[in-house]
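The following exercises are to be worked with the sequence and the coordinates at hand. Each task is followed by a solution in steps.

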Number of protein chains: 2
Amino acid sequence: MSFSPLIRHLIDSLRILPGVGQKTAQRMALQMLERDRSGGLRLAQALTQAMEGVGHCKRCRTLSEDEVCEICLDPRRDDNLLCVVQGPMDVYAVDQTGFRGRYFVLKGHLSPLDGLGPEAIGIPELLARIEQGTFVEIILATNPTVEGEATAHYIAQLLANKGLVTSRIAHGMPLGGELELVDGGTLAHAFSGRRPIVL
Amino acid sequence: MSFSPLIRHLIDSLRILPGVGQKTAQRMALQMLERDRSGGLRLAQALTQAMEGVGHCKRCRTLSEDEVCEICLDPRRDDNLLCVVQGPMDVYAVDQTGFRGRYFVLKGHLSPLDGLGPEAIGIPELLARIEQGTFVEIILATNPTVEGEATAHYIAQLLANKGLVTSRIAHGMPLGGELELVDGGTLAHAFSGRRPIVL
């Protein structure tokens with residue numbers, strides 16, 4: 001036995017969501033059908049509107065339905081600082097920390113094996129944005145993975161000799177972490193990046 | 001900073017899905033927007049079709065867009081056996097075991113404190129279904145929770161003196177379980193329900 005065609009189609013469609021397998025999709029589909037059909041219809045409408053209406057901010061390349069996003073338009077932000085991240089989710093994460101400069105969103109990281117070179121991830125647009133801006137410091141906040149490091153390094157090289165400070169977010173112990181549990185690479189970074197205690 | 005209105009609305013709408021919190025909803029929304037817009041649109045369409053098109057089988061009350069579902073129409077199934085379950089998901093689970101009788105789907109379990117009495121969960125429809133059928137045995141496969149047990153007990157009382165066998169699915173050790181890890185109630189059931197070994 002299997003579900004009826006419409007339910008089966010809904011279950012299959014739900015599986016495009018990250019982290020949703022067959023069993024979770026079944027539970028989602030049946031729960032909506034049994035308890036929250038109006039919620040399901042609202043979700044359908046929100047999906048359609050977002051998929052059709054959301055584009056990219058032409059200045060920072062983050063996801064937005066406006067031509068220029070809220071952050072790029074905000075006059076209270078610091079035009080000296082540009083934070084370069086790998087995706088729109090990272091903008092949200094960095095902004096939670098209280099950073100109040102501008103952003104530039106790459107399309108992921110360099111990955112030559114997958115055919116993703118500088119053009120594919122938006123490096124030319126980044127350089128153009130930096131040319132147009134009045135930035136003093138470019139903060140490279142790509143992920144601390146091999147690919148993220150390589151991408152940051154590549155951008156830093158391109159920006160050398162342009163009279164800009166290029167910085168990389170610090171690597172070290174996460175707050176609340178335990179030395180015995182953290183991986184060796186992180187601990188090595190924490191040691192080499194040690195700072196004098198100012199009393 | 002927060003996301004643009006359309007994205008925010010999509011994130012809020014995704015949170016009606018069971019097990020999806022703020023962070024997961026963000027990840028789902030941004031991943032669809034960044035990588036799979038056509039998948040997002042297909043999901044929207046599947047949702048609309050299912051929410052508007054799926055009703056309940058008038059015979060067994062499971063979810064189906066047909067007036068009478070596939071299982072109820074299948075002539076190869078055993079008309080002597082009726083399995084009573086709490087929801088459409090349980091039909092799927094029981095059918096996986098190879099059971100080939102008929103089903104009746106309650107709307108959950110009795111819950112007097114929440115105002116869910118026999119009428120609310122479909123007991124009158126169950127009795128009508130049994131009257132119309134040619135069942136010999138009614139298998140009560142509600143969940144092994146306090147409410148599920150109470151519901152099974154209530155139905156068994158209603159069916160007493162109708163010349164039917166009323167049975168309850170067995171409680172005991174799950175296959176592959178370990179005695180030292182299982183809870184006391186389950187182990188007690190496993191002991192009281194022990195069976196002679198036939199060699």
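**Exercise 1. Characterise the interface of chain B and chain A, beginning with its salt bridges.**

Step 1. Across the interface of chain B and chain A, zero salt bridges are found, a salt bridge being a side-chain nitrogen of Lys or Arg within 4 Å of a carboxyl oxygen of Asp or Glu.

Step 2. Next, identify the elements involved. On the side of chain B that touches chain A, two or more residues each come from helices H1 (5-14), H2 (22-35), H3 (37-53) and H5 (88-96) and from strands S1 (55-56) and S2 (63-64) of chain B. H3(B) gives the most, with 15 residues. Helices (H or I, at least four residues) and strands (E, at least two) are DSSP runs, numbered from the N terminus.

Step 3. Finally, consider the extent. In this interface 53 residues of chain B are in contact (heavy atoms within 4.5 Å) with 53 residues of chain A. The area buried between the chains is about 5,400 Å², with 72% given by carbon and sulfur atoms; buried area is the accessible area (1.4 Å probe) that two parts lose on being put together, summed over both.

The model is predicted: local features need pLDDT of at least 70, side-chain atom pairs count only at pLDDT 80 or more, and totals for chains, interfaces and linings use all residues. Residues are numbered from 1 along each chain as its sequence is written, chains are lettered from A and ligands numbered from 1 in the order in which they are written, and side-chain values use heavy atoms, with hydrogens and water left out.

**Exercise 2. Determine which residues of helix H1 of chain A are buried, and why they line one face.**

Step 1. In H1(A), residues 5-14, the buried residues (under 20% relative accessible area, 1.4 Å probe, protein chains only) are A:Ile7, A:Leu10, A:Ile11, A:Ser13 and A:Leu14.

Step 2. They line one face because their directions fall within an arc of 165° seen down the axis of H1(A). The arc is taken from the directions from the helix axis to the C-beta atoms.

Step 3. These residues pack against helix H2 (22-35) of chain A and against H3 and S2 of chain B.

**Exercise 3. Describe the surroundings of B:Met173.**

Step 1. B:Met173 lies in the loop between strand S6 (165-168) and helix H9 (184-192) of chain B.

Step 2. With a relative accessible area of 26%, B:Met173 is partly exposed, that is, between the buried limit of 20% and the exposed limit of 50%.

Step 3. Leaving aside residues up to four places away in sequence, B:Met173 touches B:Glu178, B:Leu179, B:Val182, B:Thr186, B:Leu187 and B:Ala190. The C-alpha atoms of B:Met173 and B:Leu187 are separated by 6.6 Å, the two residues being 14 apart along the chain.
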